Each structure stands twice: as C-alpha cells, then as structure tokens.
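Here is a short tour for a newcomer. Look over the sequence and the fold, then read on.

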Amino acid sequence: MGRYLEVGLAKALGGNARQMGREAAAEAHAQLRQFAPSLAIVFVSAELDFEEVKGGVCEILHDCPTIGTSTAGEICNGPVINGVVVALLASRHLRVRVGMGSHVSADFRNALRQALGQAGVLDYFDSGHPFHHMMSISAPGIPGVSSALMIVFSPGATKRQPSLSHDIHTYLRRYSANRIPIFGGSSGDYLRFESNRQMANGVVSDDSIALAFIESEVLFGLGLAHGFSPTRKGALITRASGHIVYELDGRPAAEVLAEILGIPLEELSKDATWFSRFPFGSTDVYGNSILQVPERSWIEQAGLRVHVFVCTAQEADVRYPG
C-alpha cells in the first residue's frame, strides 16, 4: 500500500525562543522520509517571544506554508508547558494556501475576507462561483467528508474584547454551505486574558485570523466529542446585547448562572475555570448542539450590581450540562 501522507511532530523546551523554534522545526522535519513539508502548524507558549520563535522555525522550513498561534498550554504526545510544538503535514497530494486577516475586533467579516483573499480561496465562499458548487460533489455518496479542510486560528478573549471565534466559525460554515470541515480554535495566553498572537507565513500579529485552506484527492473527515452530559436545568436568554448576556429567565444572568452551578455569586468573578468546567449548550442554526463557554462575569459595574456575563451566545435557548 502506497504512502500518501507523512506527519512530523516535535516539541522544544528550554533555551531561548529562536533556538526552541529551530529545534522543534528541525526535529519534526527529520521525521519526514518521502515528501517535502506541505504545511507547518506552530504552537507557541504565550511566555515566549513569538517573533523569535517564528525566526527559528523559518530558518529550518524556509518557504513552507506556515500558520501558528499562542497557546494556554501545548500538546505533543502529552501536555507541555512553556514550550514550542511544531506539526508538519507532508504530501504531494496536498495543496495548501495560507492567509491572514487583521483587526478582527473592528470587523471580523472584513478580516475573514482579507484572510480568504490572501489565501486565494474567496471564490469557494461565493455562492455565484463554480468553485462554491464543486464542494457539494467532491465526495458523492460519502456524507461528512470533503476534499478540502480549513485550519483556523482566531483571537481569544481578552479583558477588553470578547472572542469572536464563534461568529467566525458560523460565517465560514454559512458561506461554504457547511461543506468544508473546519478545525482550529482561539489563541490563548495561559488564562491571563491580556493578549494573544497569530501567525501566517512569517507574519506575527494579534487581533488577527490565521487560516490554512487544504485541498487534496485524499478526503477529509472531522470528529468531535466531549465529556459533558446534559441536565434538566435550563435557562432562556431574555436580554442580551451582542455578546453580553444581561438576563436569563428575566433575572440578572450571573445570579441565575451561579444558582445553576450551586456556587456563591462572587465565585464567578474569582475563577474563570468555572466556565470551562461547567459550560452550557445551545442549538445553532444548523440544528447542531454545541458547547458555549462564558468568558467572564461582571458582578459590579459603576457601583451597581448588574450581574451579567460575556459569552459567545446571542439570543438563544440555553441548556446547561451537569
């Protein structure tokens, strides 16, 4: 049986940032035997100088298409802290195009169009273009697979700006008619919520979208599982503005959330991990049940107890898992 795809995976710990970028990229590259790298994916600890890491990676991989993100912890056959992880995909059967769009917080749609245009794939998201319609016949009779895959890194939440990753994902699904598997997530900074970074083809930025569009004769599928189970507890968002939820069931949102979790109200603002340990689920426009994770709560504002929280949900029915 022929080999169609190779993967290289390596981590680097300790040393200066440029050396770590070089070391991880070189070790991952040494694992390739048959093909030149088609795409490099770089995960960088928020503690490190991303520009220096990028410089080290580029010294080894040169003009290989590359995307990357700062993280809240890395994974390389196990958890990694304060490290650099480089993953390489290599095949003559892959066509990879990379793009970046900036100023997500000001206009995420414009940033997405910029990233898709830079990658040269905007036509796939234009319902009037033949490329858009080709996606529906790429894998006839095989539901859930596609000849294209998108990897997307988008800005994570900060104390000044909620994450727009959910909006970005929904936009991409809507304008690709939900036919392209999308993999990725929000950039992180070890839960400090100060800043996070993205990289595409040698450019490091913040408040940006970095994406890779991969086409292949080999078909892609995507699976997702989580360990949460539903509960009978639920609440309806009754007042919201953008990503700020003010009321659940006609009461201050944070009060209701604290009651459902069974914790004192003040605990919500002390520990952000409550939200990731006990997220809630909602049904999207495609009928899929997805997890929603509040980003933070505001217990007091201008001396008033307003009790709101910020999340990626708009006005929607909310069902909390237990």
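## Overall picture

Of the protein's 322 residues, 48% count as buried. The model is predicted. It holds eight helices and 20 strands. Take the contacts between residues at least 6 apart in sequence: 73% of them join residues at least 24 apart. The accessible surface of the protein is about 15,600 Å². Carbon and sulfur atoms account for 53% of that surface.

## Helix α2

Helix α2 covers residues 50-61. Does its span agree or disagree with the expected value? At 1.5 Å a residue, its 12 residues should span 16 Å, and the end C-alpha atoms are 16 Å apart, so the two agree.

The N-terminal end of α2 has a cap, Asp49. A side-chain oxygen of Asp49 lies 3.0 Å from the backbone nitrogen of Glu51. Just past the helix, His62 has a positive phi of about 55°.

Which residues of α2 are buried? They are Phe50, Val53, Lys54, Gly55, Gly56, Val57 and Leu61. In an α-helix there are 3.6 residues a turn, so residues three or four places apart point the same way. The buried residues of α2 pack against one helix segment, α1 (17-30). They also pack against the strands β2 (39-45), β3 (66-71), β6 (83-90), β10 (198-200) and β11 (203-205).

## Helix α5

Helix α5 takes in residues 165-175. Its buried residues are Ser165, Asp167, Ile168, Thr170, Tyr171, Leu172 and Arg173. What covers them? The cover includes α3 (108-119), β8 (145-154), β9 (182-186) and β12 (209-221). Just after α5, Ala177 takes a positive phi of about 55°.

## Cysteines

How many disulfides does the whole structure contain? A search finds zero. Cys58 is in no disulfide, and the nearest cysteine sulfur, in Cys64, is 9.4 Å away. Why is there no bond from Cys64? Its sulfur is 9.4 Å from the closest cysteine sulfur, that of Cys58, which is too far, because a disulfide needs the sulfur atoms within 2.5 Å.

The table sets out how each of these cysteines is covered.

| Cysteine | Relative accessible area | Class |
|---|---|---|
| Cys58 | Cys58: 29% | Cys58: partly exposed |
| Cys64 | Cys64: 7% | Cys64: buried |

Technical notes:
Residues are numbered from 1 along each chain as its sequence is written. This is a predicted model: local features need pLDDT of at least 70, side-chain atom pairs count only at pLDDT 80 or more; totals for chains, interfaces and linings use all residues. Side-chain values use heavy atoms; hydrogens and water are left out. Helices (H or I, at least four residues) and strands (E, at least two) are DSSP runs, numbered from the N terminus. The expected span of a helix is 1.5 Å times one less than its number of residues. Buried means under 20% relative accessible area, exposed over 50%, partly exposed in between (1.4 Å probe, protein chains only). Contact means heavy atoms within 4.5 Å. A polar contact is a pair of N or O atoms within 3.5 Å; within protein, one must be able to donate a hydrogen and the other to accept it, and residues adjacent in sequence count only if both atoms are side-chain atoms. Accessible areas come from the Shrake-Rupley method with a 1.4 Å probe; for residues, only the protein chains shown count as cover.
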